[in-house]
Amino acid sequence: MASDCDVAVIGAGAAGVAASVVAARSGCRVTLIDVGDRPGGQYYRGADLSPSPRAGVDYPALAGDLDRLVAAHAVDYRPRTTAYALERAGQRLLVRTRGDDRHRQDVDIIGAGTVILATGAFDRPLPFPGWTLPGVMTGGGAQSLVKGQHVLPGRRIVVAGTGPFLLAVAATLLEHGAEVAAVVEANDPVVGSVRQLRGLTSGLGKAGDLGRFIAALARHRVPYLRRHRIVEALGEDRVTGVRIARVDADWHPIPGTERVLECDAVSVGFGFVAQLDLAAQLGARMIRGADGGLAVEVDDDQATSVPGLLAAGETTGIGGVEAARVEGLVAGATAAVLSDHASALTPSALERVRRQVARWRRFAAGLHATFPVRDGWVDSVREDSLVCRCEEVPVSRVREAVALGARDARTVKLLSRAGMGWCQGRMCAAAVDGLCGFDDIASLQGASYRPVSVPVPLGALAAEPVEG
Amino acid sequence: MSDEIRFTLDGEGMTARTGQSIAGALIAGGAMSWRRTRFDDRPRGVFCGIGACFDCLITVNGEANVRACLAQVREGDRVERQEGTGYGE
């Protein structure tokens, strides 16, 4: 039940697929670990892509390469597998894995000279009264139901939050036959023009996507309510509507502008949060990304502060699918060199890819500047709104913890229990951070430390690492 | 993709498509919620949809706390709504 490889890649989204292909084509023995059923991550979702007409490093070409490398046993691909812990054993790193929730006992320990973290991100929710009602879900949740399951979460849906992803979610819902009551955008992105917005968002997907989203909204006459926010979701046992309000530039609701939109489902999201559990376990140095969220610090080779640990994609700062892909290419090349193999990317190809990384990162910074999370939500959120969904902790209890003298995120967690439940703070950490206003990376990193990233049977934890 | 899988929710017959998640099948069957919280006894269903939030927990063939958004339905599964911790406490 133990295995060994040169390079373990964790996550099979755009970054992980790109990294695996480059490392394997360079001659490394690669193990690719992913929670999903098929490669592609949250963006591609295992879609059947038309094969690329030319060899290259766009995603369809890489996905085709990966299929061939897996068939040739050059990549040991492990779907439906969670890497729950990462630890050091001398010069090597050990990745502890388990199967999905129906195969929790299927554990393994994979030794690797180099580990590439490509674990992606999840939606950043912000609390409001009623956000725990059934029918209220994240944009990613709505996308996964519609695209992955071919099931609509409701018939009349409100899409709310901030960012271009709202438009993508709305377009998906419309394409699959739902009515979108409104897109409720807290920022005011059309300060420039639609063209500027299109430039900004092209990196989030195939170029031209945004034009398609906007056309779909116009065709279905969906209101795009800028500078509006949900102040409350209504309903008893499931959502039946939302109360929205116009907000000022800082997101404070403007009195007298509230109104109710009836709906049977709500999609919310305020950007994304990088999945950093494994990086935190090894104490990798963190920074605040361009969107203010925590991210792993990497150098031009995608190397973290931990020897042998590389990172690519959203883990290094939310940047979209194209940034993830090109960072994955660089990480794969670095891993090859660290494993004493000549990189499959020629120096000039690598140079081109590095320039693309810089370009997509600039683009991401522009995007985050257009769709930031503004402070006004903090002093306008109702005290009785739950902030931690798992432990059912209201906003008031987080504020009490600060009033009692908590000065770091970990103490707030211990005093309030926010972040101590099943999700280990993934859903509430960004909100708690905002409520407390701590500006200290070490404090946030303390709260995001999870020795085991998903529940694991005790028998599995008792398994001893093998001699590397 | 026409193969239909049969399973039960609290003893009631339901169907799913091959490869469908438990959450996908339940929502397609009209259920939005299948768990009640342990402090406030409030209903919960899918929230993040990608395995991060653990809100959609459900009991499958006696095993508690399975994430319905990730786990695929299998023929003959006995799926049960879950209360509190899922361990009858």
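## Two chains and how they meet

Chain A is split by the domain assignment into domain 1 (2–122 + 273–368), domain 2 (125–270) and domain 3 (376–437). Keep in mind that this is a predicted model. Below we look at how domain 2 of chain A meets domain 3 of chain A, then at a hairpin in chain B, and finally at the place where chain B touches chain A.

**Inside chain A: domain 2 and domain 3**

- Measured out over C-alpha atoms, the centres of domain 2 of chain A and domain 3 of chain A sit 25 Å apart.
- Domain 2 of chain A brings 13 residues to the contact, and domain 3 of chain A brings 12 residues.
- Putting these two domains together buries about 1200 Å², and carbon and sulfur atoms give 61% of that area.
- On the side of domain 2 of chain A, A:P127, A:P129 and A:W131 lose the most area to domain 3 of chain A, together 41% of what that side buries.
- There is 1 salt bridge between domain 2 of chain A and domain 3 of chain A.
- Six is the number to remember for polar contacts here: 6 residue pairs across this interface, both residues at pLDDT 80 or more.
- Sort the touching residues of domain 2 of chain A by class and you get 8 nonpolar, 2 polar and 3 charged residues.
- You can also look for a salt bridge between the side chains of A:R382 and A:E232, at 3.5 Å from N to O.

**A hairpin in chain B**

- Strand β1 (residues 4–9) of chain B runs antiparallel to strand β2 (residues 12–17) of chain B, and the two pair over 6 bridges.
- To find one of these pairings, start at B:I5, whose bridge partner in β2(B) is B:A16.
- Just 2 residues lie between β1(B) and β2(B) in this hairpin, and B:D10 in the turn has a positive phi of about 50°.

**Where chain B meets chain A**

- Chain B puts 40 residues into the contact, while chain A puts in 44 residues.
- About 3400 Å² is buried between the two chains, with carbon and sulfur atoms giving 52%.
- The interface of chain B and chain A holds 6 salt bridges.
- A:R102 and B:D77 form a salt bridge, with their closest N and O atoms 2.8 Å apart.
- Polar contacts link 21 residue pairs across the interface, both residues at pLDDT 80 or more.
- In chain B, α1 (22–28), β4 (43–44), β5 (57–60) and β6 (63–67) each supply at least two residues of the side that touches chain A.
- The top contributor to that side is β6(B), with 5 residues.
- By class, the side of chain B that touches chain A has 19 nonpolar, 10 polar and 11 charged residues.

Key
Residues are numbered from 1 along each chain as its sequence is written. Chains are lettered from A and ligands numbered from 1 in the order in which they are written. This is a predicted model: local features need pLDDT of at least 70, side-chain atom pairs count only at pLDDT 80 or more; totals for chains, interfaces and linings use all residues. Side-chain values use heavy atoms; hydrogens and water are left out. Domain bounds come from an automatic or database domain assignment. Contact means heavy atoms within 4.5 Å. Buried area is the accessible area (1.4 Å probe) that two parts lose on being put together, summed over both. A salt bridge is a side-chain nitrogen of Lys or Arg within 4 Å of a carboxyl oxygen of Asp or Glu. A polar contact is a pair of N or O atoms within 3.5 Å; within protein, one must be able to donate a hydrogen and the other to accept it, and residues adjacent in sequence count only if both atoms are side-chain atoms. Ala, Val, Leu, Ile, Met, Phe, Trp, Tyr, Cys and Pro count as nonpolar, Asp, Glu, Lys and Arg as charged, and the others, Gly among them, as polar. Two strands pair if DSSP finds at least two bridges between them. Helices (H or I, at least four residues) and strands (E, at least two) are DSSP runs, numbered from the N terminus.
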